[in-house]
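The exercises below ask you to work through a protein model, one region at a time. Try each task with the structure open before you read its solution.

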Amino acid sequence: MFGRKKKREQENSAASVNAATKRPASSEPVIRKAPQLTTLTRSAVGNRDYQQDAVYVTPSKILASNKKTRVLALVCDGMGGMADGGKASRTAIQIIVQGFRKAEKDPSLNIPLFFQHGIRAADHAIAGFPKEDGKGSGTTMVACIAEDNKLYWASVGDSRIYIIRGNQMRQVTRDHNYWLKLQEKVAAGEITEEEARADRKKEALISFLGIGNVSLMDINTEPFEMQFGDMVMLCSDGITKTLSDERIRKIILADAVRPEQKAEALVEAATHENSHSQDNTSVVLIHYEEVDMKKTHY
């Protein structure tokens, strides 16, 4: 009798242990996250007769853990006062993209040097276009390559690159126009700030692709390290000559604008607010973020 009771007690004890240690089946999925470079783009003709902007961006990519993941973004703004600016912007895109596709998987790719070579090649090609009525062709260019979370950029002309982090937005490129020369004269005491601002030539470009032997270009040799949530914006001056930096920042950060619609919202805002004389308008966005991977049940 005592033996049977003891056996039952042992069986009950074992059952209790099993029940306590058994992993319950969960109906809740486990969500894994991965870093991703999400890319968006939008262009509009505005009130112009034809499109002289040209854009390119690599499709969104999830970062690979065992190799470098690279994304290329480009915005070129063909110069409206020169013959066939659209051809110039498309040519610049084609040359840079072809070079990138050849070098994209090279683990030792020197990105600043890649930009230098690409800019000079595009400048040489466009400068060689046949001239119509003595006028040549030209285009501005801004370019970014994101290598994992490291960002490199290049600029020729007055298209711009901004970095948005948190609630802050910063322009990281200079406008390559006569204003730079005027500022040098102000610093040297040759003219006043008021005289510089009154100069009608202050927005005239002093560097662009097609100028021939281009020398003024901005390329960061040390990469900018992105953090999750950072957004990079490349745009033609159709955006910046219509929308203030504060207006751009508010559109990008607006909770009411879904992430996948932010590029479209910027272009629509510019074309809506300047409905009579809006220039070609182009935006490319790169968003460094964490995304949900395939949901797995355990």
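**Exercise 1. A residue in a loop**

Asn 177 has its place in the loop between S8 and helix H4 (178-187), in what is a predicted model. Decide whether Asn 177 counts as buried or exposed, and find which residues, beyond four places away in sequence, Asn 177 touches.

*Solution.* Step one is to take the relative accessibility of Asn 177, which is 7%. Step two is to compare this with the cut-off, since buried means under 20% relative accessible area; Asn 177 therefore counts as buried at its 7%. Step three is to list the partners: leaving aside residues up to four places away in sequence, Asn 177 touches Lys 202, Glu 203, Ala 204, Leu 205 and Ile 206.

**Exercise 2. The six-stranded sheet**

Work out in what order the six strands of the open sheet follow one another, and why one side of S3 and of S8 is left without a neighbour in the sheet.

*Solution.* Begin with the order, which reads S3-S1-S12-S11-S7-S8, the pairing being antiparallel. Strand S3 (61-62) and strand S8 (168-171) stand at the edges, and because each has a single partner strand, one side of each lacks a neighbour in the sheet.

Next, follow the pairing of S1 with S12: strand S1 (residues 33-44) and strand S12 (residues 281-292) run antiparallel and are joined by twelve bridges. Within this pairing, Leu 37 has Tyr 288 of S12 as its bridge partner. Helix H8 (residues 262-273) packs on the sheet, where it touches S1, S11 and S12, and the direction of H8 makes about 25° with that of S1.

Finally, add the other helix: helix H7 (residues 245-253) lies across strand S7 (160-165), S8, strand S11 (231-235) and S12, and runs at about 50° to S7.

**Exercise 3. A strand with two partners**

Find which residues of S11 and of S8 are the bridge partners of Ile 164, and describe how S7 is placed between its neighbours.

*Solution.* On the S11 side, S7 and S11 run antiparallel and are joined by five bridges, with Met 231 as the partner of Ile 164. On the S8 side, the pairing with S7 is again in the antiparallel sense, over four bridges, and here Ile 164 has Met 169 as its partner. The hairpin of S7 and S8 has two residues between the strands, and in this hairpin Gly 166 takes a positive phi near 60°. As for accessibility, S7 is mostly covered, five of its six residues being buried.

**Exercise 4. Two crossing helices**

Determine at roughly what angle H2 and H3 cross, and which classes of residue make up their contact.

*Solution.* Start with the axes: those of helix H2 (residues 85-103) and helix H3 (residues 111-127) come within 9 Å and cross at roughly 145°, and the crossing is right-handed. Then identify the residues that meet, which on the H2 side include Ala 88, Ile 95 and Phe 100, and on the H3 side include Phe 114, Ile 119 and Ile 126. Sorted by class, the contact of H2 with H3 has eleven nonpolar, three polar and no charged residues.

**Exercise 5. A loop residue beside S11**

Establish whether Phe 228 is buried, partly exposed or exposed, and what Phe 228 touches beyond four places away in sequence.

*Solution.* Locate Phe 228 in the loop between strand S10 (224-225) and S11. Its relative accessibility is 45%; because partly exposed covers the range between buried, under 20%, and exposed, over 50%, Phe 228 counts as partly exposed. Apart from residues up to four places away in sequence, Phe 228 touches Pro 35, Tyr 288, Glu 289 and Glu 290. The C-alpha atoms of Phe 228 and Asn 149 are separated by 8.7 Å, although the two residues are 79 residues apart along the chain.

**Exercise 6. Confidence in the model**

Judge where the pLDDT falls below 50, starting from residues 1-7.

*Solution.* The protein averages a pLDDT of 88, and 87% of the residues score at least 70. Over residues 1-7, however, the pLDDT is below 50, and this stretch has zero contacts in the model beyond near neighbours in sequence. Residues 13-21 also stay under 50, with zero contacts beyond four places in sequence.

Terms used: Residues are numbered from 1 along each chain as its sequence is written. This is a predicted model: local features need pLDDT of at least 70, side-chain atom pairs count only at pLDDT 80 or more; totals for chains, interfaces and linings use all residues. Side-chain values use heavy atoms; hydrogens and water are left out. Two strands pair if DSSP finds at least two bridges between them. Contact means heavy atoms within 4.5 Å. Axes are lines fitted to C-alpha atoms, for helices over the stretch in contact, and angles run from 0 to 180 degrees between N-to-C directions. pLDDT is the predictor's confidence in each residue, from 0 to 100. A crossing is left-handed if the near helix is turned anticlockwise from the far one by less than a right angle, and right-handed if clockwise. Ala, Val, Leu, Ile, Met, Phe, Trp, Tyr, Cys and Pro count as nonpolar, Asp, Glu, Lys and Arg as charged, and the others, Gly among them, as polar. Buried means under 20% relative accessible area, exposed over 50%, partly exposed in between (1.4 Å probe, protein chains only).
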